[in-house]
Amino acid sequence: MPDKPTGSDATGARKRPPRSAFAGARADRPLHVVPDPAPAPQTGGSSYDVESIIKLLVRGLRMTGAAAGLSGEDLDRRITRALAFLRRRLTGEYEVDDFGFDQEFTDEVWLPLLRPIYKRWFRVEVRGIENLPLEGGALVVSNHSGTVPVDGLMVQVAIHDETPGHRYARALGADLVFQSPVLGDLARKSGSTLAANSDAERLLRAGELTFVCPEGFKGVGKPFGERYRLQRFGRGGFVSAALRTGVPIIPCSIVGAEEIFPLLGNAKSLARLFGFPYFPLTPTFPWLGPLGLVPLPSKWIIEFGAPIPTDSFEPAAADDPMLVFDLTDQVRETIQQTLYSLLLQRRSVFW
Amino acid sequence: MATTVLVTGVSRFVGGLAARALSTDPRIERVLAVDVVRPAHDIGRAEFVRADIRNPIIGKIIKQENVDTVVHLGVITTPRQAGGRTTQKEINVIGTMQLLAACQKAPSLKRLVVKSSSAVYGSSPRDPAMFTEDMTARRTPPRGFGKDSVEVETYVRGFGRRRPDVEVCMLRMANVIGPGLRTMFSDLFHLPVIPSPVGFDGRFQVLHLDDAIGAIHAATLREDCTGVINVAGEGVLTLHQAARIAGRPTLPVLAQAGPLVQQLTARTRVGNFDAEQMDLLCFGRGMDTTAQRTVLGFTPERTTRQAFTDVFGGDNRLTALLRAGGAHA
């Protein structure tokens, strides 16, 4: 770095902590008959470069937009928005909350990526969205299925797109998620955090709409033959979090997710090798390679049930195991019954 | 009320500045600034006492001068400053032990303030989003400064049990940054290219040097404030965000390749990277700062973002250009 040309050397050295040897060496520069060019015009030069790059980018975006059938003001607005987004990303001028939730990323990248899957592939039908509060904390509790936890992502889209205030679902995920590269990062950025009481209560106290699948890996990784049969609902930690914060529990039943990757077998030794809770064998995976990762296009229904209030109990009730078990069972039963009735209403798996 | 305050570790940044800040406070009569090396910077009205906290002589000083408040800032974060990891551990752990042994024998002592670090919480994927003071590390830091801090805290807790009449206050500080202050953490953002673990983007908090001094000052004088207090600027930044603010490109590296990156940066002399930080860069760490505001009654002037931008975002040409360019677009 010290051998770089003069212009950037000056800034480069300034950013580094002063190293006396270098600082002294720069003071006795060789004499020039003609003074060194001032750094200012150079900065101006690269600013023009940036401008021309931006102009080129705008032209490219215009052409793409025109090809996509957009024109006029709408196109201009979209281009301005895209450029502003890019600029904020490049300069770090975006906000990340205490949990690592990056709202801008979720709005501009994450949800737009999921939306086509939500709308076109699974054709999700949402019922009972009015059961979600417009503001304030609530704990959405749902069944978990599908070998790959796509259901959580679809509930995220459903809650954001269908609620009048476009609320964000703050999901609680297993530590395995946060241990994995990319996955853990995306989970935090899109609003998830660790499924632990401390984090759940922190989210609920902050008035966030929190989403949890208490079945965990037992739910996602169950064999196809046991579809729509709820597993044990954890140890009731979600109920005690709701009791301590006094927020309602909203049961959420998802039909359709069980059929996306029918889990026929579990290669336990491979699972151990990779450190996964299970290694799925489906009709298509791993036999068809990456093609086996394409989920079957089942038709989904997500139904939000009537809220179960918890504010009638004292916060200390969270330490009463019997009450916690009772409430856990009540939530579980509600979801199980809703699942059965939705299955009866469903005409076919795929439409 | 603190009348005679003894500050350790004054030859370094935080210690020296804290001694100076305390010496300007009219409520404090005397400030004794202790270290083995004379500080190169001005320590104000504070009286410099050349002593090694690892030597029992420190006990005599505390007794003779009737010290009522000891502010222990002699815990070193960077091995290089101490002259190697062995010395660092010696100063941090043995130094604290000796100092506390001396404090235990001092009847005049009323209050002990110790600078600890957020490193005691470690960094793991099972961490809560925000650590409160009553939580412990999910994965105890296995080596380095983090381990030292955990041990220092254990000794301080032990001291608290043996001398219940002494008020003990420990400040768990987020990474302190400031102009001219060199730590393991600041070295990272002085690298020409910032190594970032692939697929991770840890969150972190920082504390501006001025605010660190402010917190130490507040903790020295605030008598009802005891126990552990998390000290950090509001809000968090992620590694990539920080790199953008500092105007440095990031280089994806495998999280497991930390030691290799450390060797490479040392060999090529581009800067210093410490593999110890890899977990922090992967999983990040956040501290709940409610007690800082309510118990300590101190609110840092700068948020994490402001502090970081002040210290590292000074000459970010890209930001400047994009601001100019963005105005045209």
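At what angle do helix H4 (residues 72–91) and helix H5 (residues 103–121) of chain A pack? The legends below start there and then move on to other close-ups of this predicted model.

**View 1. Helices H4 and H5 of chain A pack against each other.** The angle is about 135°, and the two axes lie 12 Å apart. Angles from 65 to 115 degrees count as roughly perpendicular and those over 145 as roughly antiparallel, so H4(A) is oblique to H5(A). The crossing in which H4(A) passes H5(A) is left-handed. From H4(A), look for Arg81(A), Phe85(A), Arg88(A) and Arg89(A); from H5(A), their partners in the contact are Glu104(A), Phe105(A), Glu108(A) and Val109(A). Sorted by class, this contact has 3 nonpolar and 5 charged residues, with no polar ones.

**View 2. H5(A) also meets helix H6 (residues 150–162) of chain A.** Here the axes come within 10 Å and cross at roughly 105°, which makes H5(A) roughly perpendicular to H6(A). On the H5(A) side, the contact residues are Asp107(A), Trp110(A), Leu111(A), Leu114(A), Arg115(A), Ile117(A) and Tyr118(A). H6(A) brings Leu153(A), Met154(A), Gln156(A), Val157(A), Ala158(A), His160(A), Asp161(A) and Glu162(A). In this contact, 9 residues are nonpolar, 2 are polar and 4 are charged.

**View 3. Helix H11 (residues 237–245) of chain A is mostly covered.** Of its 9 residues, 7 are buried: Phe238(A), Val239(A), Ser240(A), Ala241(A), Ala242(A), Leu243(A) and Thr245(A). The cover over these residues includes three strands of chain A, S2 (138–142), S5 (209–212) and S6 (249–255), along with helices H9 (197–205) and H13 (321–345). Just after the helix comes Gly246(A), with a positive phi near 70°. For the wider setting, chain A has 13 helices and 9 strands, and 44% of its 351 residues count as buried.

**View 4. Thr147(A) and Tyr228(A) each have a positive phi.** Most residues other than glycine have a negative phi, so it is worth pausing at this pair. Thr147(A), with phi near 65°, sits in the loop between S2 and H6 of chain A. Its relative accessibility is 6%, so Thr147(A) counts as buried. Tyr228(A) has phi near 60° and belongs to the loop between helix H10 (217–220) and H11 of chain A. With a relative accessibility of 4%, Tyr228(A) counts as buried too.

**View 5. A cis peptide bond links Phe285(A) to Pro286(A).** Most peptide bonds are trans, but at this one omega is about 0°. To find the spot, follow the loop between strand S8 (280–281) and strand S9 (301–304) of chain A, where Pro286(A) is placed.

**View 6. In chain B, helix H5 (residues 144–162) has the span expected from its length.** At 1.5 Å a residue, its 19 residues should span 27 Å, and the end C-alpha atoms are 28 Å apart, so the two values agree. The buried residues of H5(B) are Gly144(B), Phe145(B), Gly146(B), Asp148(B), Ser149(B), Val152(B), Glu153(B), Val156(B), Gly158(B) and Phe159(B). Among the elements of chain B that cover them are helix H4 (85–104), strand S5 (111–117) and strand S6 (167–173).

Key: Residues are numbered from 1 along each chain as its sequence is written. Chains are lettered from A and ligands numbered from 1 in the order in which they are written. This is a predicted model: local features need pLDDT of at least 70, side-chain atom pairs count only at pLDDT 80 or more; totals for chains, interfaces and linings use all residues. Side-chain values use heavy atoms; hydrogens and water are left out. Axes are lines fitted to C-alpha atoms, for helices over the stretch in contact, and angles run from 0 to 180 degrees between N-to-C directions. Helices (H or I, at least four residues) and strands (E, at least two) are DSSP runs, numbered from the N terminus. Angles under 35 degrees count as roughly parallel, over 145 as roughly antiparallel, 65 to 115 as roughly perpendicular and the rest as oblique. A crossing is left-handed if the near helix is turned anticlockwise from the far one by less than a right angle, and right-handed if clockwise. Contact means heavy atoms within 4.5 Å. Ala, Val, Leu, Ile, Met, Phe, Trp, Tyr, Cys and Pro count as nonpolar, Asp, Glu, Lys and Arg as charged, and the others, Gly among them, as polar. The expected span of a helix is 1.5 Å times one less than its number of residues. Buried means under 20% relative accessible area, exposed over 50%, partly exposed in between (1.4 Å probe, protein chains only).
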